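The following explanation is intended to be read alongside the model. Please keep the sequence and the structure in view.

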Amino acid sequence: MSRTFLDITDSQIALIAGSSIIQSPGAALADGGLGGASLAFGQAVFETLKRRPLETRTDFWAQLSTSPLNAEFAGARHSADLVYEHLKFLLAEAERQDGPINDLVIIAPSNLNQTQLELLLGILNAVGKSPSGILDRALVHQHVIGKAGIHLDL
């Protein structure tokens with residue numbers, strides 16, 4: 001696999017490599033089996049949202065932090081634990097389909113603050129994928145539409 005882009009939004013994350021796109025909704029399901037609680041991710045979780053709302057979280061990407069969660073959620077202490085597990089799931093799926101990821105670039109939303117970005121970089125380092133670059137989503141969009149513009153970051 002050549003350069004891979006990790007595209008992050010509040011509602012989903014996607015890994016894009018060439019024409020291959022692997023998407024995963026930003027939802028986690030606490031699946032309490034016999035061996036204890038585990039986490040599930042992906043489209044199947046999104047489809048169970050309305051049937052199992054108390055066992056599903058959808059806010060962990062938007063609220064990325066190490067602040068303790070209000071209630072126990074499948075052993076996760078904070079939203080960073082859920083982001084870590086979600087990234088592990090998505091990266092494993094991508095490598096299973098397309099081979100190893102050697103060059104990862106993050107497309108980060110503009111609302112990701114410096115603390116959250118540093119936390120995300122630490123999480124990626126923990127899963128063994130240090131990114132080679134970080135792009136601001138607003139700047140990428142301006143380039144894609146090909147029109148002249150001004151980006152003002154206050």
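The paragraphs below treat the sheet, the helices packed on it and selected salt bridges.

The model is predicted, so local features need pLDDT of at least 70 and side-chain atom pairs count only at pLDDT 80 or more, while totals for chains, interfaces and linings use all residues. Residues are numbered from 1 along each chain as its sequence is written, and side-chain values use heavy atoms, with hydrogens and water left out.

An open sheet of 5 strands follows the order 3-2-1-9-10 with mixed pairing. Strands (E, at least two residues) and helices (H or I, at least four) are DSSP runs numbered from the N terminus, and two strands pair if DSSP finds at least two bridges between them. Strand 3 (20–25) and strand 10 (133–136) form the edges, each pairing on one side only. Strand 1 (residues 3–8) pairs with strand 2 (residues 12–17) in the antiparallel sense over 4 bridges; Phe 5 stands opposite Ile 16 in strand 2.

Helix 2 (residues 79–98) packs on this sheet, touching strand 1, strand 2 and strand 3; contact means heavy atoms within 4.5 Å. Helix 3 (residues 114–126) also packs on the sheet, touching strand 1, strand 9 (103–108) and strand 10.

There are 8 salt bridges, each defined by a side-chain nitrogen of Lys or Arg within 4 Å of a carboxyl oxygen of Asp or Glu. One of them joins Glu 95 and Lys 129, with the closest N and O atoms 2.6 Å apart. This pair links distant parts of the chain, since Glu 95 lies in helix 2 and Lys 129 in the loop between helix 3 and strand 10, 34 residues apart. Glu 95 is partly exposed at 29% relative accessibility, and Lys 129 is buried at 15% (buried means under 20% relative accessible area, exposed over 50%, partly exposed in between, with a 1.4 Å probe and protein chains only).

How values were computed: Axes fitted to C-alpha atoms, helices over the stretch in contact; angles between N-to-C directions.
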